[in-house]
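Here's a quick briefing on a couple of spots worth a look. Have the sequence and the model open as you read.

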Amino acid sequence: MRWFRNKSRNALSKIWRAFVLAAVSVAYFSGVFNPRKVNTPAEEYRTDHDTMKEQSKSVVSQELASDEDYADAFRLMLTGLSNMCFQRSSADFRRIISREKVGLLWSWHPEKYWEDHVLPELQEEVTIIDVGANVGQFAIPNAEAGHNVLSFEPNPDTCKLLQSIATKKKLHRKIELHCVAVGEQRGTLKFSNSSQPSTSFAAESHEPSSQSDTLLEIPVERVDDTVSSSRQIFLLKTDTQGFELGVLKGAKDLIRSGNVFMLLIEFSYGLLKRSGTDPVELLNYVYDNGYVCTHMAYHTRKKTLTNEILYGIVDFSPTDRNENTVAFEDFIESLRIVRTVDSAGVSGWTDLLCLRPAC
């Protein structure tokens, strides 16, 4: 009887092993456990990117007549990282291109995207303008990659720290640092000197925002006063806590010259409103100068069990997954209150990535 029980147990064990082996085999060949058949989102991006890059080499002039045309043209330019000649139709295009349609992932913030997917593709030395440089989170990696960076930082202490970091890293010849604010007109402005080093700009105020802050009178320069409109600029980045429109208006000669390939603009509903800027006015200014934009990751305050103030990236898109574009008004409304499962139901911000596809 014991022999029978042992034999039965052995038979069941063999049947179980055979079942598990069959299940694993099915999973493997279907791609569940097969690393050769399952790609991460970043790997899928790379595969699509390589395909699009080959296509971008053979593009000839074509008309931009639909939302889909604009999305396709934008992705080709973003993949090839070069200007292309597309003819704009008579219709006035005023929409934000879907992030998904140009291959960007919801979790990519600008620095990650730039370091992982743009810098490795640049084969030649370029010049970048970084307005609101802070301590060099954006400038340092670009300089280390061999590119020239014109950095503007208004906070004197932060600017000195960036200068020190650049010197220690022996990048002072690659980073041209200007310890000034940037705006539409030259002059001076009063800024709250926050004790937080991560704050490049604070809203103009006549009173310090806290007891630890002091009110500083900062010189204001225009980008056009520093950079010749004939100079080729690969990227103009502005992260200025709601003052982005003034920065762009102070660079109007450079922008209208057609010599700025790409714009990267922080777009915060709350900060734009606090600085007195209508968000749609900023979008119209960018589009009036021939650019069209997509957006990057959405940031907002997140829900916490302890009511702790915590900000982060949320998985959110203002467009349906099958849509090519979204209207300005709907895009702005999606930032007025970011409605996701893990958000706190307050306003948010993203970054606009803008190219000029039309000739």
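Two strands count as paired if DSSP finds at least two bridges between them. With that in mind, keep in mind too that this is a predicted model. We'll take a strand pair, then a helix pair.

**Strand β4 and its partner**

- Strands β4 (residues 127-131) and β5 (residues 148-152) run parallel, and five bridges join them.
- One of the bridge partnerships links Thr127 with Asn148 in β5.
- Five of the five residues of β4 are buried, so the strand is largely enclosed by the rest of the structure.
- In a regular strand the side chains alternate between the two faces of the sheet.
- In β4, Thr127, Ile129 and Val131 point one way, while Ile128 and Asp130 point the other way, and all are buried.

**Helices α11 and α12**

- Helix α11 (residues 279-288) packs against helix α12 (residues 328-336) at an angle of about 135 degrees, and their axes are 10 Å apart.
- That angle makes α11 oblique to α12, because it falls outside the ranges for roughly parallel, antiparallel or perpendicular.
- The two helices, α11 and α12, make a right-handed crossing.
- From α11, Pro279, Val280, Leu283, Asn284 and Tyr287 meet Phe328, Phe331 and Ile332 of α12.
- By type, the residues of this α11 and α12 contact are seven nonpolar, one polar and no charged.

**More on α11**

- Buried residues in α11 are Pro279, Leu282, Leu283, Tyr285, Val286 and Tyr287.
- After α11 comes Gly290, with a positive phi near 95 degrees.

How values were computed. Residues numbered from 1 in each chain as written. Predicted model: local features only at pLDDT ≥ 70, side-chain atom pairs only at ≥ 80, totals over all residues. Heavy atoms only, no water. Axes fitted to C-alpha atoms, helices over the stretch in contact; angles between N-to-C directions. Helix = DSSP H or I, 4+ residues; strand = E, 2+ residues; numbered from the N terminus. Parallel < 35°, antiparallel > 145°, perpendicular 65-115°, else oblique. Left-handed = near helix turned anticlockwise from the far one by under 90°. Contact = heavy atoms within 4.5 Å. Nonpolar A, V, L, I, M, F, W, Y, C, P; charged D, E, K, R; others polar. Buried < 20%, exposed > 50% of the residue type's maximum accessible area, 1.4 Å probe, protein only.
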